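Reader: Please take one helix-to-helix packing in this model and look at it closely. Keep the cut-offs explicit, and set the packing in the context of the whole chain.

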Amino acid sequence: MGLVKKLLSLALLGASLQGLALGQDFPQEDIVSGKALLQISETAKNNALARIEASNSSTCTKETVRVRKEWRRIPGEERTAYVKAVECLMNAPQVYPNVTGPKSLFDSFGVLHYHMTPYVHNSAYFLLFHRLYVWTFEEKLRTECGYTGALPYWEWGLDAETGVENSPLFDGSATSMGSNGAKLNGTPNNFFPGGSGGGCVTDGPFVNYTVNFGPNTADDPLAYNPRCLKRDLNTPICAQWASLKNTTETILEAPDIALFQANLQGDFRWPEARKWGFAVHGGGHFAIAGDPGGDFYFSPLEPAFYQHHGQIDRMYFIWQNLDWENRQTMAGTITMMNMPASRNGTLDDVLDIRPVGETYIFRELLDTVGDSPFCFVYE
């Protein structure tokens with residue numbers, strides 16, 4: 001009987017440890033409310049800052065580290081400064097030769113994403129490419145346009161119940177990234193129903209912004225094709241796929257990088273990831289939708305793309321820093337959904353984003369606070 005009790009105790013201990021690994025130590029109400037997410041975010045930030053202190057780095061210190069914050073948690077004047085810097089990039093010279101559509105440095109980021117899309121989605125490169133991509137955009141805001149803040153991100157789940165249309169990011173105020181698109185009647189989005197706009201942005205920043213090229217379905221996607229910025233903000237999509245609950249569980253239910261990025265993208269090749277549908281990555285994109293926000297290749301031509309992908313990188317930052325020693329890894333092949341079939345990616349592969357940015361080894365991009373070009377954490 002004593003042996004049975006001992007075996008039962010060991011079994012219960014194993015189940016308890018598995019529960020902790022899956023984040024089940026948090027009450028469900030804390031996962032739903034976002035309280036758990038705040039706790040693991042704070043833990044991740046503190047762990048990263050402790051690494052700075054231990055490293056004695058001369059390039060990234062506690063005094064120089066940038067702290068990326070959620071849009072509504074930065075002052076109005078900083079939001080306005082950020083918008084002005086983005087508008088500045090929209091007037092800076094584009095850097096790609098022999099293309100007719102792109103007219104600005106902002107547009108050049110769209111060209112880069114268009115060329116890289118088949119290799120940096122549902123592949124080994126997804127997370128680290130987008131980390132470098134968003135950071136390079138932040139750097140251009142600073143070096144080309146005098147922005148002094150850190151890149152703000154968008155926590156989608158904060159708007160899942162109160163409405164994306166009411167978000168400080170999209171409310172059309174002077175301190176927003178512009179409004180929803182005009183409501184279109186009789187032209188519902190049948191693929192993603194529930195959108196409340198669909199037409200041109202009506203108020204606030206970027207109301208006069210011209211999308212210069214795309215869509216991906218055009219005969220020549222890089223040819224000049226001027227049109228307004230359209231949005232079709234979609235709260236049901238946000239609530240279904242990008243809630244605080246989904247964000248938290250995506251992080252906590254992934255013991256390795258392969259499952260984490262599968263959960264993040266809803267990669268159906270992993271049975272565990274199928275429950276997430278289009279997942280937080282698709283949920284954030286299609287909560288904005290419109291043109292070009294709903295275009296898989298040209299979504300960076302939507303100014304709020306960088307707030308969305310800032311949140312994706314924040315999730316990666318949290319996941320990494322909850323178990324840093326074991327989470328400096330890469331998984332997957334070098335083509336989207338492994339089509340065509342390709343080799344596995346490695347951390348020693350080269351990522352070349354010239355002429356928009358520079359060339360790095362993927363391994364150099366793992367850490368946001370040391371042995372990398374970066375020096376930032378998330379709050």
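Author: What follows covers the chain, then one helix pair, then two buried spots.

This is a predicted model, with residues numbered from 1 along each chain as its sequence is written. Local features need pLDDT of at least 70 and side-chain atom pairs count only at pLDDT 80 or more, while totals for chains, interfaces and linings use all residues, and side-chain values use heavy atoms, with hydrogens and water left out.

The protein chain has 11 helices and 8 strands. These are DSSP runs numbered from the N terminus: helices are H or I with at least four residues, strands E with at least two. The radius of gyration is 21 Å, close to the 21 Å that the globule rule gives for 379 residues, so the chain is as compact as a globular protein of that length. The radius is taken over C-alpha atoms, and the rule is 2.2 Å times the number of residues to the power 0.38. The C-alpha trace spans about 80 × 50 × 45 Å along its principal axes.

Now the pair. Helix α3 covers residues 35-55 and helix α11 covers residues 305-322. Their axes come within 8 Å and cross at roughly 70°. Each axis is a line fitted to C-alpha atoms over the stretch in contact, and angles run from 0 to 180 degrees between N-to-C directions. The two helices are therefore roughly perpendicular (65 to 115 degrees). The crossing is left-handed: the near helix is turned anticlockwise from the far one by less than a right angle. From α3, the contact (heavy atoms within 4.5 Å) uses Leu37, Ile40, Ser41, Thr43, Ala44, Lys45, Asn47, Ala48 and Arg51. From α11 come Arg314, Phe317, Ile318, Asn321 and Leu322. By class, the contact has 7 nonpolar, 4 polar and 3 charged residues. An α-helix has 3.6 residues a turn, so residues three or four places apart point the same way.

α11 also helps cover another helix, α9. In α9 (residues 257-265), 9 of the 9 residues are buried (under 20% relative accessible area, 1.4 Å probe, protein chains only), so α9 is largely enclosed by the rest of the structure. Its cover also includes α6, α8 and α10. Among the buried residues of α9 are Phe260, Gln261 and Asn263.

Last, a loop. Threonine 117 lies between α5 (105-116) and α6 (126-145). At 0% relative accessibility, threonine 117 counts as buried. Neighbours within four places in sequence aside, threonine 117 is in contact with Phe296, Tyr297 and Met336.

Technical notes. Angles under 35 degrees count as roughly parallel, over 145 as roughly antiparallel, 65 to 115 as roughly perpendicular and the rest as oblique. Ala, Val, Leu, Ile, Met, Phe, Trp, Tyr, Cys and Pro count as nonpolar, Asp, Glu, Lys and Arg as charged, and the others, Gly among them, as polar. Buried means under 20% relative accessible area, exposed over 50%, partly exposed in between (1.4 Å probe, protein chains only).
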